[in-house]
Amino acid sequence: MGLYTNNLRTMDDLFVHLLRDIYYAENRIVKALVDMIETASDPRLKKAFKSHLHETENHILRLQQVFRMRGVDVKGVDCPAIDGILEEADDVTSDVEGSIMLNAALIAAAQTVEHYEIARYGSLIAWAKMLGRDDCASLLQKNLEEDQAADRRLAVMAENGADRAVATA
Ligand SMILES: [Fe+2]
Ligand SMILES: [Fe+2]
């Protein structure tokens, strides 16, 4: 018996399960981004989080559309993975001292979140295509591309921040 009480018998069941997993995750990420905007001291990082918050709200709307296209209830399932990533991010950011380290810790946490999303959307898109649902795949692809772009922007900020940290060490 696995962690999930619903039996996952078909690829379609697995697809809907993963859709509910990422739906839960995106909703948690919205709340986390609101806190991260508040916590970040670098104005560029605040701005990046704000724009990704707006994109993330759209990701939720697109996921709701995919649920409707599939004819299943719009709902999430607990996702201990994203809970763990966000809890660890909270612990680390509340323990660091100094704004350079704080921003670096926030960027690292945000990149971990993006990588989780990218992995999930990669599987969902592959499975949607396998199930003959290119219409669902193309909506999920939009979410994937925005999460990939967010990750690339964060990677640039991580490198710039690391340079500043070395320069002031
Ligand atoms: Fe997302
Ligand atoms: Fe994201």
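# Contacts, helix packing and an iron site

Biologist: What does Leu 8 touch, leaving aside residues up to four places away in sequence?
Modeller: In this predicted model, Leu 8 touches Asp 13, Leu 14 and His 17. Contact means heavy atoms within 4.5 Å, so each of these partners meets that cut-off.

Biologist: Where does Leu 8 lie? And what makes Leu 8 partly exposed?
Modeller: Leu 8 lies in the segment before H1. The relative accessible area of Leu 8 is 37%. Buried needs under 20% and exposed needs over 50%. A value of 37% falls in between, so Leu 8 is partly exposed.

Biologist: How far apart are the C-alpha atoms of Leu 8 and Lys 47?
Modeller: They are separated by 41 Å. Along the chain, Leu 8 and Lys 47 are 39 residues apart.

Biologist: Why is Asn 7 called partly exposed?
Modeller: Asn 7 has a relative accessible area of 47%. Exposed would need over 50%, and buried under 20%. So Asn 7 is partly exposed. Asn 7 is also found in the segment before H1. From Asn 7 to His 17 is 10 residues in sequence and 10.0 Å in space, C-alpha to C-alpha.

Biologist: On to the helices. What angle do H1 and H3 make, and how far apart do their axes come?
Modeller: H1 (residues 11–39) and H3 (residues 80–95) cross at roughly 15°, and their axes come within 9 Å. Angles under 35 degrees count as roughly parallel. That makes H1 roughly parallel to H3. The crossing is right-handed.

Biologist: Which residues of H1 and H3 meet?
Modeller: From H1, Tyr 24, Ala 25, Arg 28, Ile 29 and Ala 32. From H3, Ile 82, Asp 83 and Leu 86. By class, this contact has six nonpolar, no polar and two charged residues. Arg 28 and Asp 83 count as charged because Arg and Asp are in that class.

Biologist: How do H3 and H4 run relative to each other, and how do you know?
Modeller: H3 and H4 pack at about 175°, with axes 9 Å apart. The cut-off for roughly antiparallel is over 145 degrees. H3 and H4 are therefore roughly antiparallel. H3 brings Ala 81, Ile 82, Ile 85, Leu 86, Ala 89, Val 92 and Thr 93. H4 brings Leu 102, Ala 105, Leu 106, Ala 109, Thr 112, Val 113 and Tyr 116. The split is 12 nonpolar, two polar and no charged. Thr 93 and Thr 112 are polar because Thr is in neither the nonpolar nor the charged class.

Biologist: What makes H2 and H4 roughly parallel?
Modeller: H2 (residues 43–70) and H4 (residues 99–130) pack at about 20°, with axes 13 Å apart. An angle under 35 degrees counts as roughly parallel. So H2 and H4 qualify. Their crossing is left-handed.

Biologist: Which residues do H2 and H4 bring to their meeting?
Modeller: H2 brings Leu 45, Phe 49, His 52, His 59 and Leu 63. H4 brings Asn 103, Leu 106, Ile 107, Ala 110, Glu 114, Glu 117 and Tyr 121. The contact has seven nonpolar, three polar and two charged residues.

Biologist: What makes a residue a donor of the iron ion (ligand 2), and which residues are donors?
Modeller: A donor atom must be N, O or S within 2.8 Å of the metal. The protein donors are His 52 (NE2), Glu 114 (OE) twice, Glu 117 (OE) and Asp 147 (OD), at 2.1 to 2.7 Å. That range is inside the cut-off, so these atoms count. Their spacing along the chain is H-x61-E-x2-E-x29-D.

Biologist: How far apart are the two iron ions, and which residue coordinates both?
Modeller: Ligand 2 and ligand 1 are 3.4 Å apart, and Glu 117 coordinates both. Distant parts of the chain are linked here: His 52 in H2 and Glu 117 in H4 are 65 residues apart.

Biologist: Are His 52 and Glu 117 buried or exposed?
Modeller: Both are buried. By that term, each has under 20% relative accessible area.

Biologist: And Ser 51: why is Ser 51 called partly exposed?
Modeller: Ser 51 sits in H2. The relative accessible area of Ser 51 is 35%. That is between the 20% and 50% limits, so Ser 51 is partly exposed. The C-alpha atoms of Ser 51 and Ala 150 are 9.1 Å apart, with their positions 99 residues apart along the chain.

How values were computed: Residues numbered from 1 in each chain as written. Chains lettered and ligands numbered in written order. Predicted model: local features only at pLDDT ≥ 70, side-chain atom pairs only at ≥ 80, totals over all residues. Heavy atoms only, no water. Axes fitted to C-alpha atoms, helices over the stretch in contact; angles between N-to-C directions. Helix = DSSP H or I, 4+ residues; strand = E, 2+ residues; numbered from the N terminus. Parallel < 35°, antiparallel > 145°, perpendicular 65-115°, else oblique. Left-handed = near helix turned anticlockwise from the far one by under 90°. Donors = N, O, S within 2.8 Å, 3.2 Å for Na, K, Ca; no water. Buried < 20%, exposed > 50% of the residue type's maximum accessible area, 1.4 Å probe, protein only.
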